[in-house]
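Please prepare a briefing on the structure shown below. It should cover the contacts with one DNA strand, one helix and the salt bridges.

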Protein chains: 2
Amino acid sequence: MSAASLRARVRAEMTDEIKAVARRHLAADGANLSLRAVARDLGMASSAVYRYVASRDDLLTWLIIDAYDAVGAAAEAAEAAVDRADFTGRWLATCHAVREWALANPHEYALIYGSPVPGYRAPADTVAPATRVGRLMGRILADARPDPGEPVEGPLAAELDAVAAEVAPGVSAAAMGRGMAAWIHLFGAVSFELFGQLANAVDERRAFFDLQMRGAAAVMGLARAPGS
Amino acid sequence: MSAASLRARVRAEMTDEIKAVARRHLAADGANLSLRAVARDLGMASSAVYRYVASRDDLLTWLIIDAYDAVGAAAEAAEAAVDRADFTGRWLATCHAVREWALANPHEYALIYGSPVPGYRAPADTVAPATRVGRLMGRILADARPDPGEPVEGPLAAELDAVAAEVAPGVSAAAMGRGMAAWIHLFGAVSFELFGQLANAVDERRAFFDLQMRGAAAVMGLARAPGS
DNA sequence: GTCCGTCAAGAGCAGTGCTCGCAATCACGT
DNA sequence: ACGTGATTGCGAGCACTGCTCTTGACGGAC
């Protein structure tokens, strides 16, 4: 009948359902989700889900890939809504989108940007989606044509050039280094806020984050946003 | 006999021994250390260690406090060895000390700067040791008397002033904001390196980190290190 | 010398990831 | 149209976890 056999289609639906329930459990209980519990929620024996999921780590990998895709999509959507010439605006839209997604999905954020879960080794499937936000930032940086700055010395220069060639063509090694500083700054700020390092220090979370990311934009050498 | 009764002394020794074994297990297996396993290593029944440890979370809290103290001590020792007038040098010494401690004790680092372990709520005892590295950075910043910069607006300014009053007296809100940017940058960079976000991007880890932290020093407004 | 606090042990509960054999079912190829 | 074989689900079971409770024994304090 269909291109995919009925069996395969039912199987795909089943795996989707497992993923959905697992994501719900992840949101509720964090990374210590239990296969047995999702099996219970699905109304079937724990051993039955092993027909679809190779292991608990396998299930986590699915969720990790989905999470990377979700932040990436959120960031891209927010960035796309900004005037292409407003580089700082594009950068800030990206930052706030990432932060808001993280606040809305804290456990999923922790899954991808927190400490690796013990005994878990990230398979190769996860590296491609993981680069999505970085690539978006690279595009902004390349469009902004930042000041090349003083040349970087040593073997590091070649590596930064390689990174630039991959995500931000035409950007110098030094500017790429500053771009990665902003990248680190972004996820560092979100992680600190989410993981509680800002407790008892700053309550104006959004304003603080905004200040931080504007500073990062300046370091990167993005043009000042129109009307700010 | 002694000031502390014999009972209390034996008890203290026992808890120290438990902590030591637990730290060994943490280093080997990560945050999913099991009380039963450390009990086995100690040659006693799992139920016996509950005489000394209230719960697994309690044990984790001990290790967290120790870890905060250990990074703090490592950073302070490295920073103390640098000429007081060389602010950038003091900053870089702090950064590299933190990074090297983290590389040597990855699981302990993950415990304190990674995602919070699921279901674990950090007790109040952990907040004091947690500020140790931040306070050290504050002292460097205050000594460097950075440019006040443009005033920060809104309620955030008061919060930044309060933070400055606590860790870096005499520093303006804007400069404090830049100092916190460096703070975030430091731990963001270490976390990214340790948690695998730099994989397939940069191999010259130390040189990259050094470049990043020199950039952070510049952003903070520290004086350029003598002879660099 | 008795007494009571402290300690360690064992059994047990509820939960986990994961495996394996058995039974049923149901889409598919002939 | 039908037999069949792959696919699915189940239950029992293993080894493990955190944690509780009871029981027995040791030993310092009075």
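A residue is called buried under 20% relative accessible area, exposed over 50%, and partly exposed in between, computed with a 1.4 Å probe on the protein chains only. This is a predicted model, in which local features need pLDDT of at least 70 and side-chain atom pairs count only at pLDDT 80 or more, while totals for chains, interfaces and linings use all residues. Residues are numbered from 1 along each chain as its sequence is written, chains are lettered from A and ligands numbered from 1 in the order in which they are written, and side-chain values use heavy atoms, with hydrogens and water left out.

**Salt bridges**

- The whole structure holds 24 salt bridges over all chains, each being a side-chain nitrogen of Lys or Arg within 4 Å of a carboxyl oxygen of Asp or Glu.
- R206(A) and E100(A) form one of them, at 3.2 Å from N to O. This pair links distant parts of the chain, with R206(A) in helix α11 and E100(A) in helix α5 of chain A, 106 residues apart.
- E100(A) counts as partly exposed because its relative accessibility is 41%; R206(A), at 45%, also counts as partly exposed.
- R84(A) and E79(A) meet at 3.0 Å, N to O. E79(A) is buried at 4%, whereas R84(A) is partly exposed at 41%.
- E79(A) and R84(A) belong to a network of salt bridges with R90(A) and D143(A).

**Helix α11 of chain A**

- Helices are DSSP runs of H or I with at least four residues, and strands are runs of E with at least two, numbered from the N terminus.
- The expected span of a helix is 1.5 Å times one less than its number of residues. For the 16 residues of α11(A) (205-220) this gives 22 Å, which agrees with the 22 Å between the end C-alpha atoms.
- Buried residues of α11(A) include F208(A), F209(A), M213(A) and M220(A).
- The cover over these buried residues includes α5, α8 and α10 of chain A, and α9 and α10 of chain B, where contact means heavy atoms within 4.5 Å.
- Just after the helix, G221(A) takes a positive phi of about 90°.

**DNA strand D**

- Among the 19 residues around strand D (a heavy atom within 4 Å), S47(A), Y52(A), S34(B), L35(B) and R36(B) come nearest.
- A polar side-chain atom of R51(A) lies 2.8 Å from a base nitrogen of strand D.
- A polar side-chain atom of S34(B) lies 3.1 Å from a phosphate oxygen of strand D.
- The largest share of the surface near strand D, three residues, comes from α2(B).

Methods. Polar contact = N/O pair within 3.5 Å; in protein donor to acceptor, adjacent residues only side chain to side chain.
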